[in-house]
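Visitor: I am new to this structure, and I would like a close look at one part of the picture, the charged and aromatic side chains. Please take me through them slowly, saying where they lie and what they meet.

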Amino acid sequence: MITPVFQTHADQLKVSIYATREEMGKAAAAEAVRSLQQRLRIQDRVRVIFAAAPSQNEFLQALMEAADVEWGRVEAFHMDEYIGLSRTAEQSFARFVEERVIQAAEPGLNAWHPLDGKAEPAAECRRYEGLLRERPIDFVFMGIGENGHIAFNDPPVADFSDQAWVKPVELDEACRQQQVNDGCFPSFDEVPTYALTLTVPALMSGTELFCMVPGPTKKQAVYNTVNGKISEACPASILRTHPRCTLYVDLAAWGEMNEHESPLK
């Protein structure tokens with residue numbers, strides 16, 4: 001068992017801080033496995049929404065290496081996709097999930113529902129929302145962007161009261177620059193401008209949320225999430241209102257601002 005450096009709370013949000021991103025990922029995966037096992041004991045299948053980003057790598061690797069998850073009873077979704085991008089493109093989020101989760105799951109998942117970035121956006125939003133609403137979402141495995149976004153709900157388009165569960169959005173400059181910082185695209189101009197995203201209410205509908213946020217580039221976003229006002233200016237701040245959400249960070253993401261200034265310590 002990996003012990004956090006320390007833990008705290010921000011409203012209802014539980015925060016666990018680990019020494020390294022590797023320890024963070026393994027600890028979050030171990031807790032996710034326990035929750036999956038518990039839910040599978042009382043349900044015939046579980047529904048999971050996955051994030052697709054480098055910040056999730058350590059978590060997903062540890063999760064898929066766990067030998068005691070009945071993946072054949074898991075139904076998988078993901079939370080965003082670039083409009084106009086083929087599912088086979090290197091930067092496709094569907095491809096990311098397929099390579100790290102779907103292909104690694106033994107004996108295979110109960111169902112896998114990729115977003116289609118090449119489809120007509122409005123129709124694809126309706127199709128995917130219909131699938132999501134068929135049954136409750138059990139788990140959301142997610143991260144936080146450098147601008148505080150969750151999925152592609154950047155501050156200019158985030159809506160805590162959104163009536164839709166899936167919508168097309170224009171990505172802000174900070175979000176697009178992060179894709180370059182993460183090594184997903186070689187230059188800013190090559191990052192698509194528009195995407196499909198699950199909305200904030202769709203993500204918050206999950207019964208239990210696991211949010212993994214490593215690295216020094218996330219320090220400001222983590223600080224705003226934990227200490228700032230709950231508002232669309234930092235979309236991730238809404239996580240503080242969820243009854244079962246844990247934020248997992250490493251010391252690099254927690255940063256000196258939280259360590260020395262946080263009133264929550």
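**Charges and rings**

Guide: Let us begin with D162, whose relative accessible area is 13%; because buried means under 20%, D162 counts as a buried residue. Please keep in mind throughout that this is a predicted model. The partner of D162 is K167, and the two form a salt bridge in which the closest N and O atoms are 2.7 Å apart. K167 is likewise classed as buried, with a relative accessibility of 14%.

Elsewhere, salt bridges with shared partners bring R45, R47 and E75 together in one network. Within that group, the side chains of R47 and E75 meet in a salt bridge with an N to O distance of 3.1 Å. That contact joins distant parts of the chain, since R47 belongs to strand β3 (residues 46-50) and E75 to strand β4 (residues 74-78), 28 residues apart. Both ends of the bridge, R47 and E75, are buried. Across the whole structure, the search finds 14 salt bridges.

Another of these pairs gives a view of charges that are not buried. The side chains of E99 and R100 form a salt bridge, 3.7 Å from N to O. E99 has a relative accessible area of 38%, so it is partly exposed, and R100, at 32%, is partly exposed as well. R100 also has a ring beneath its charge, as its charged end sits over the ring of F96, 3.8 Å from the ring's centre.

R176 deserves a careful look of its own. This residue lies in helix α5, which covers residues 173-181, and it is buried yet has no salt bridge. The nearest side chain of opposite charge is that of D189, at 5.2 Å, and as a salt bridge requires the nitrogen and the carboxyl oxygen to be within 4 Å, that distance does not qualify. Leaving aside residues up to four places away in sequence, R176 touches L171, F188, D189, V191, P192 and T193. One of these neighbours, F188, offers its ring, for the charged end of R176 sits over it at 4.2 Å from its centre.

From here we can turn to rings that meet other rings, of which the structure holds twelve aromatic pairs. One of them is formed by F77 and Y128, whose ring centres are 5.8 Å apart and whose planes stand at 85°, an edge-to-face arrangement. Because F77 lies in strand β4 and Y128 in helix α4 (residues 121-132), this pair ties together parts of the chain that are 51 residues apart in sequence. F77 and Y128 are both buried.

F139 and F210 make a pair of another kind: their ring centres are 6.3 Å apart and their planes meet at 50°, so the pair is tilted. Here too distant parts of the chain are linked, with F139 in strand β7 (residues 139-142) and F210 in strand β10 (residues 208-213), 71 residues apart. Both of these phenylalanines, F139 and F210, are buried. They also belong to a wider group, since ring pairs link F50, F59, F139, F141, F210 and Y248 into a cluster.

Notes: Residues numbered from 1 in each chain as written. Predicted model: local features only at pLDDT ≥ 70, side-chain atom pairs only at ≥ 80, totals over all residues. Heavy atoms only, no water. Helix = DSSP H or I, 4+ residues; strand = E, 2+ residues; numbered from the N terminus. Buried < 20%, exposed > 50% of the residue type's maximum accessible area, 1.4 Å probe, protein only. Lys, Arg positive; Asp, Glu negative; His and termini not counted. Contact = heavy atoms within 4.5 Å. Phe/Tyr/Trp six-rings, centres within 6.5 Å; stacked < 30°, edge-to-face > 60°. Lys NZ or Arg CZ within 6 Å of the ring centre and 35° of its normal.
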